[in-house]
Amino acid sequence: MRILVDAAAVPVVIREILFRAAKRTQTPLVLIANVPIQHPDSPLISGIVVPAGWDEADDRIAEMAGPGDLVITADIPLASRAIEKGAAVIDSRGSLFTPE
């Protein structure tokens, strides 16, 4: 299991909560955005910077997502793509996206 975060759209306070959760649960967390996102120095937490452009981060997240992963995004088309690949998807407030 990994936590994949649409990082540019997630508020800083939520990122901080995610950092603590990743460390506490020993779950790898990947921040994906088209700009570098600061994060703690931890082998569990990493960042991927994608090229600037429409849906570049979404495309990378959808490509990476798979069964057992958790995707955090507010983007409904990305949520749909991740769910199709077997990932669970929530928004930054914790609301679960479903296929419906």
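What percentage of the 100 residues in the protein chain is buried? Buried residues account for 40% of them. The model described here is predicted.

**The chain as a whole**

The protein chain contains three helices and five strands. Followed along the sequence, these elements give the pattern β-α-β-β-α-β-α-β. The radius of gyration of the protein chain is 12 Å, close to the 13 Å that the globule rule gives for 100 residues, so the chain is as compact as a globular protein of that length. Along the principal axes, the C-alpha atoms of the protein chain fill a box of roughly 35 × 30 × 20 Å.

The accessible surface of the protein chain is about 5,700 Å². Carbon and sulfur atoms contribute 56% of that surface. Contacts in the protein chain can also be sorted by separation in sequence: among those between residues at least 6 apart, 36% join residues at least 24 apart.

**Strand β1 and its partners**

Strand β1 covers residues 3–6. Which residues of β1 point one way, and which the other way? I3 and V5 point one way, while L4 and D6 point the other way. In a regular strand the side chains alternate between the two faces of the sheet. All four of these residues, I3, L4, V5 and D6, are buried.

Strand β1 pairs with β2 and is also joined to β4, as the table shows.

| Partner of β1 | Residues of partner | Sense | Bridges | Residues opposite each other |
|---|---|---|---|---|
| β2 | residues 29–33 | parallel | four bridges | V5 and L31 |
| β4 | residues 70–72 | parallel | three bridges | I3 and L70 |

Thus V5 has L31 of β2 as its bridge partner, and I3 stands opposite L70 of β4.

Helix α1, residues 12–25, belongs with β1 and β2 in a β-α-β unit. What is the handedness of this unit? The unit made by β1, α1 and β2 is right-handed.

**A residue in a loop**

P43 lies in the loop between β2 and β3, the latter being residues 45–49. Is P43 buried or exposed? P43 has a relative accessible area of 88%, and the cut-off for exposed is over 50%, so P43 counts as exposed. The residues of β1 contrast with this: I3, L4, V5 and D6 are buried.

How far apart are P43 and Q26 in sequence and in space? P43 and Q26 are separated by 17 residues in sequence, and their C-alpha atoms are 9.8 Å apart.

Notes
Residues are numbered from 1 along each chain as its sequence is written. This is a predicted model: local features need pLDDT of at least 70, side-chain atom pairs count only at pLDDT 80 or more; totals for chains, interfaces and linings use all residues. Side-chain values use heavy atoms; hydrogens and water are left out. Buried means under 20% relative accessible area, exposed over 50%, partly exposed in between (1.4 Å probe, protein chains only). Helices (H or I, at least four residues) and strands (E, at least two) are DSSP runs, numbered from the N terminus. Two strands pair if DSSP finds at least two bridges between them. A crossover is right-handed if, with the strands pointing away from the viewer, the path from the first strand over the helix to the second runs clockwise. The radius of gyration is taken over C-alpha atoms; the globule rule is 2.2 Å times the number of residues to the power 0.38. Contact means heavy atoms within 4.5 Å. Accessible areas come from the Shrake-Rupley method with a 1.4 Å probe; for residues, only the protein chains shown count as cover.
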